[in-house]
Amino acid sequence: MPKIVFTGPGGRRREIDAPPGITLMEAARQNGVDGIVAQCGGACACATCHVYVDPAWLGRLQPPEEMEEGMLGTAWEPRTNSRLSCQIHITADLDGLEVTVPQRQG
Amino acid sequence: MISTILIIGGGQAGAQAIDTLRRDGYGGRLVLIGDEPHLPYQRPPLSKKYLSGDMAADRLPFRHRSFYDEHRIELKLGRKAVRLDAAARQVELADGETLAYDRLLLCLGAASRVLTCPGAALAGVHYLRGLADVPPIQAAFRPGARLVVIGGGYIGLETAATARKMGCDVTVLEMADRIMNRVVAPCVSQYFAQEHVTHGVNIVCDMRVIRLEGRERVERVVCADGSSHAADVVIVGVGAVAATELASEAGLSCDNGIMVDEYCRTSDAAIYAAGDCTNHPSLRFGRRVRLESVDNAFEQAKTAALNMHGKEVVHDRVPWFWSDQFDNKLLIVGLSQDYDRQVLRGDPASRSFSVCYLKGRELLALEAVNHSKDYMSARKLIAERTLLDPGKLADNELALKEAV
């Protein structure tokens, strides 16, 4: 099963199992990863599952759609490697993906 | 000393309160009582991807069971709280168990408003609120099945869209002159009505249902104008009422919801309430409101949890809502009552536009159709009471936040 590494707002690293077929946000939420709020549950309506993707991995993800980009523009401290974790679908080739959770959401 | 906190209700609010309490360092006994047998789960997909079968059941719960074990949460699921004794600080469950508390959080939610016309109890008439409601609806949504939806609000329209995708023949009967009339501007209603029509949904407004007919199962829905709509299955989505019974029987102050203050405290100092069941002050809008929304449940639960744990924080948020219908996303932020002017940004024909509600130069609310940028900007502008220039606002080429 793919493993994803989250670095929390405090710098703590946590590795979780993320089964293919769900989203990165869902994997984080099921396991209670710090800082992934995900209020809307993946509807791309709240921008509270914002993560920074390790630049080495960024190009291996499907690029964001317009709706996600609109949300990210006003997320807390967006960067070029910002993504909404609810829009990242787990696949086998994402094994080892590393993301950092921002200091705050929204 | 607070050593036992009970939470009644395993929905969005209950799940969030647990999370906040443990993250805030509350180390005492923490019990969640829920009348449904499931781990706390998200409801929005029930009318959308979960109903259509595009989302597996194991994606509904907020957390794995291990999360509750790790955080020492006593889950009492499939257990109904039937009596609250506020004086003795005790809750009684249906099976007779009594639980004492130091602080109690009521996250009782809302119940579907029930249709009362003749025939309303026939088989084949469904409401959609909880997970247990889904399987019979799924079974009825066979390709070619004739679905009549009573009520053109969020639930009715989302279910209609899902049923179309599943191949049903769908008619929506709305009592008002347009769908979603209580929550959106006429041009937004019109846009969504057209989307439904384009996808083959028959939308009929100004249509009051007077009775349902059938031998054992529902066979047709009859309206006040004498028209009749053949139905194999009926979905009723005519609103919801706050679940206040437990609270009102215990003597807590209730009026269209459990009355709470901005700290989410009820009229009893040891009892808090959060979510759809509350009637609470909106500090931003200066009046009391009862909201049915994920965001409100989440935020009130956070506030209540922190206050039960000795903090002093107020619930001061701009509410927001969303709805997915076909491939459209409707995002609403703020409360539009009291506006004196509407400004349209963009062209509905472009499938991406928004409607601003102003009072003077202040933005009260915004409805965004496939326009997440305006929506996200509006959240900030409304909260900060930024004064806008209505002339600039109408210029869709200009970013919303630049319209000052």
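The following exercises, each with a worked solution, concern a predicted model.

**Exercise 1. Describe the overall build of chain B, beginning with its secondary structure.**

Solution. Step one is to list the elements: chain B has 10 helices and 26 strands. Step two is to set its radius of gyration against the globule rule. The radius is 22 Å, close to the 22 Å that the rule gives for 404 residues, so chain B is as compact as a globular protein of that length. Step three adds the dimensions, which for the C-alpha trace are about 60 × 60 × 35 Å along the principal axes. Step four turns to the interior, where buried residues form 48% of the 404 residues. Finally, among the contacts in chain B with a separation of 6 or more, 61% join residues 24 or more positions apart.

**Exercise 2. Determine how strand β20 of chain B is paired with β18(B) and with β21(B).**

Solution. Begin with β18(B), residues 258–259, which pairs with β20(B), residues 278–282, in the parallel sense over 2 bridges. Within this pairing, Met259(B) stands opposite Asn279(B) of β20(B). Next consider β21(B), residues 287–289: this strand runs antiparallel to β20(B), and 3 bridges join the two. Here His280(B) stands opposite Val289(B) of β21(B). The last step is the connection. β20(B) and β21(B) form a hairpin with 4 residues between the strands, and Gly286(B) in this hairpin takes a positive phi near 65 degrees.

**Exercise 3. Decide whether Val51(A) is buried or exposed, and identify its surroundings.**

Solution. First locate the residue: Val51(A) belongs to strand β3 of chain A, residues 50–53. Then count its neighbours. There are 28 other C-beta atoms within 10 Å of Val51(A), and the threshold for a buried residue is 20 or more; Val51(A) is therefore buried. Next, set aside the neighbours within four places in sequence; the contacts of Val51(A) are then Arg83(A), Ser85(A), Val99(A), Thr100(A) and Val101(A). As a further distance, the C-alpha atoms of Val51(A) and Ile36(A) are 8.3 Å apart, with the two residues 15 apart in sequence.

**Exercise 4. Characterise the contact between chains A and B from the residues that each chain contributes.**

Solution. Start with the totals: 17 residues come from chain A and 19 residues from chain B. On the side of chain A that touches chain B, helices α1 (24–30) and α3 (66–72) each supply at least two residues. To complete the description, sort the residues of this side by type, which gives 7 nonpolar, 8 polar and 2 charged.

Key
Residues are numbered from 1 along each chain as its sequence is written. Chains are lettered from A and ligands numbered from 1 in the order in which they are written. This is a predicted model: local features need pLDDT of at least 70, side-chain atom pairs count only at pLDDT 80 or more; totals for chains, interfaces and linings use all residues. Two residues are in contact if their C-beta atoms, placed from the backbone, lie within 7 Å. Ala, Val, Leu, Ile, Met, Phe, Trp, Tyr, Cys and Pro count as nonpolar, Asp, Glu, Lys and Arg as charged, and the others, Gly among them, as polar. A residue is buried if 20 or more other C-beta atoms lie within 10 Å of its own, exposed if 12 or fewer, and partly exposed in between; C-beta atoms are placed from the backbone. Two strands pair if DSSP finds at least two bridges between them. The radius of gyration is taken over C-alpha atoms; the globule rule is 2.2 Å times the number of residues to the power 0.38.
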